[in-house]
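Colleague: I should be grateful for a close look at one helix pair in this model. Please describe how the two helices are arranged and what they bring to their contact.

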Amino acid sequence: MSAEAFLQIRNVVKDFSGYKAVNNVSIDIAKGEIFALLGSSGCGKTTLLRMLAGFETPTSGNIVLNGQDLAGMPPYESPMNMMFQSYALFPHMTVWDNVAFGPRRSGLPAAEVSERVEEMLKLVQLGKFAKRKPHQLSGGQQQRVALARSLAKKPQLLLLDEPLGALDKKLREETQIELVNIIEKVGVTCVMVTHDQEEAMTMASRIAVMSEGRFLQVGAPSDIYETPANRFVADFIGNVNLMEGTLETDEVDHVTIRCADCTHYVGHGITGTEGMSVSVALRPEKIRITREVPAPQAGEPDAAFNRVHGSVKDMAYFGSFTVYHLALESGLVLKISSSNTERHRADQLTWGDEAWASWSPTSQVVLTA
Amino acid sequence: MSAPLKHGSRGGRWAVIGVPYFWLLLFFMLPFLIVLKISVSEMETVTFKDVLTWKDGVLALSLKLSNYASLVQDDLYFLTYVSSLKYAAVTTVLCLAIGYPFAYFMARAKPTIQPTLLMLVMLPFWTSFLLRVYAWKGLLSEHGWAANFIAALGLDRVLLAIGVIPAQGQLMNTPFSLVLGMTYTYLPFMILPLYSNLAKMDLRLLEAASDLGASAWVAFWKITVPLSKAGIIAGSMLVFIPCVGEYVIPELLGGPQTQMIGRTLWDEFFSNNDWPMASTVAVAMVLLIIVPLAIFNKYQAEATEKRA
């Protein structure tokens, strides 16, 4: 990314009396992007967001928005607005007054304030709720009021703190799409914080996975899922089987890795030396489970590679797919997710059955970190 | 919001509600009705004539309303009511002005020192209220510590200028000493409800206000004050209502200028021995206090409804 990125975060550190909540983080965010900070609680994502909003001052480093350094700027002057976790709507004001609060503070004439509020309420389709108080609205409606309020000052940057955290699962899924549509319609650049990987994946154009105050990986949702940079990211995002092994052969077009239960054949070269220890990450949905010995398919290496034998220790039926836990000889339990493409399958695997698991040489990720 | 209670006998529930009601009926409503009856009775040397008499098949109801008439006609009563309301109002405003910042900073203090601060507010209750008011007599009398301090700061000139003391150097038995005593006594009753209200406030609302462009001052007036309305009203009622009927403080710290209704009531009962007139004054005072109380209750009911 160029040096002229819309939002530049440069070597930002936040030190809370010896504890570095945010430890030397740098990132460039382009105009119009929806950028997600993803991590478990205490990883520093909220501290970073609060520094962007101006509620915390970085111990060192710079935050530059559109060429303007935000260091030391109080929140009421900064050109960005935040949608708070569980919304922080003003309980004593109507929806209309909540949305008008920001525009009124910028000293706009009454007619313009009114016009702006109408526009925002129309955007979130809450026009007919203008006279209601927040407690008279459902969770989803409150969320939309909060969005309208944070967009009402036409901020250059919108900050979202766990935007859907207060909604139940079903509503969350519907709202994710709606929220992205509104943000894209307005065209505002957006930084969001979430601990919910699904939320980050569906909403963001790029995700930064954070742990202990650092970025472990930054990339598009599919990059982070399919090519995790290290064990932490592989494990944190989605389900994964991690197998420890040693690099046996290292060729330009393939490598083989010796693990306790099988030998992996990976269809691409890696940077490493023979004999080094590595981890192989394998997603459950990329494994096939069969009762018979699997025959290698087209483009796959011979039967010596990429297969293991075990017994079904556990299975969980999720409707659209079933998860099997296959206990291998070494004691490792392999998670396998299998799509239920047929309504009734003769010869359905069940508890205690012996089965084979196999995968293609393009499905693994070799992790050295 | 919660589901109706399904178990527990109906009788038990009535008993729980009924006992306090019965208590209030017996020890508040009944005495009040007696006072009401006395206020419309005729004195007959040392006893009262019956209001309702049965003689020769004639049921006679005789209500002596002249006491109520004189309440309206005689300036004295009207002026003491006004003066009571005035001093109660001034005390309430002063308690609010001193108590609000106090409660605010207490609620925003570090959680570890909040219990200590709360204890300090309640500490005066450990000494007799009478002793504490008496102490002011000594402090404010000529060459008392407080009097010397006020004179040293030149505050007595200010007090004289606004007309709350009759002469420089005379602080006791003035409107000043009365209001000082009442403010001092009732301040905790203002601070405690305000504190409990302000401590509950969601501080993220202030962050949200700040994020939307409100300075700390604007956020205070637009968010904190409106949200603490219930606390302000509760505190003001707790100060205003007892102040209107206050007898002890005006008696000890007040003077000829500060005639209050409690004092008038005492005089009618024990100096003039005019029980019907005294009862009339008492009934009028109860009505005077019930009005603001009713307004308060209405507000509270509305607030509860809103929260539901």
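Modeller: The following account takes the helix pair, with the conventions stated alongside.

This is a predicted model, in which local features need pLDDT of at least 70, side-chain atom pairs count only at pLDDT 80 or more, and totals for chains, interfaces and linings use all residues. Residues are numbered from 1 along each chain as its sequence is written, and chains are lettered from A and ligands numbered from 1 in the order in which they are written.

Two packed helices are described by the angle between their axes and the distance between the axes. Here the pair is helix H3 (residues 75–108) of chain B and helix H11 (residues 229–244) of chain B, whose axes come within 9 Å and cross at roughly 145°. Helices are DSSP runs (H or I, at least four residues), numbered from the N terminus. Axes are lines fitted to C-alpha atoms over the stretch in contact, with angles from 0 to 180 degrees between N-to-C directions. The crossing of H3(B) with H11(B) is right-handed, a term for the near helix being turned clockwise from the far one by less than a right angle.

On the H3(B) side, the contact includes Ser84(B), Leu85(B), Tyr87(B), Thr91(B), Cys95(B) and Gly99(B). Among their partners in H11(B) are Ile232(B), Gly235(B), Val239(B), Phe240(B) and Val244(B). Residues are in contact if their C-beta atoms, placed from the backbone, lie within 7 Å. By class, the residues of this contact comprise 11 nonpolar, 6 polar and no charged. Ala, Val, Leu, Ile, Met, Phe, Trp, Tyr, Cys and Pro count as nonpolar, Asp, Glu, Lys and Arg as charged, and the others, Gly among them, as polar.

Chain B also meets chain A, in a contact that takes 14 residues from chain B and 15 residues from chain A. H9(B) gives the most to the chain B side, with 6 residues.

Technical notes. Helix = DSSP H or I, 4+ residues; strand = E, 2+ residues; numbered from the N terminus. Contact = placed C-beta atoms within 7 Å.
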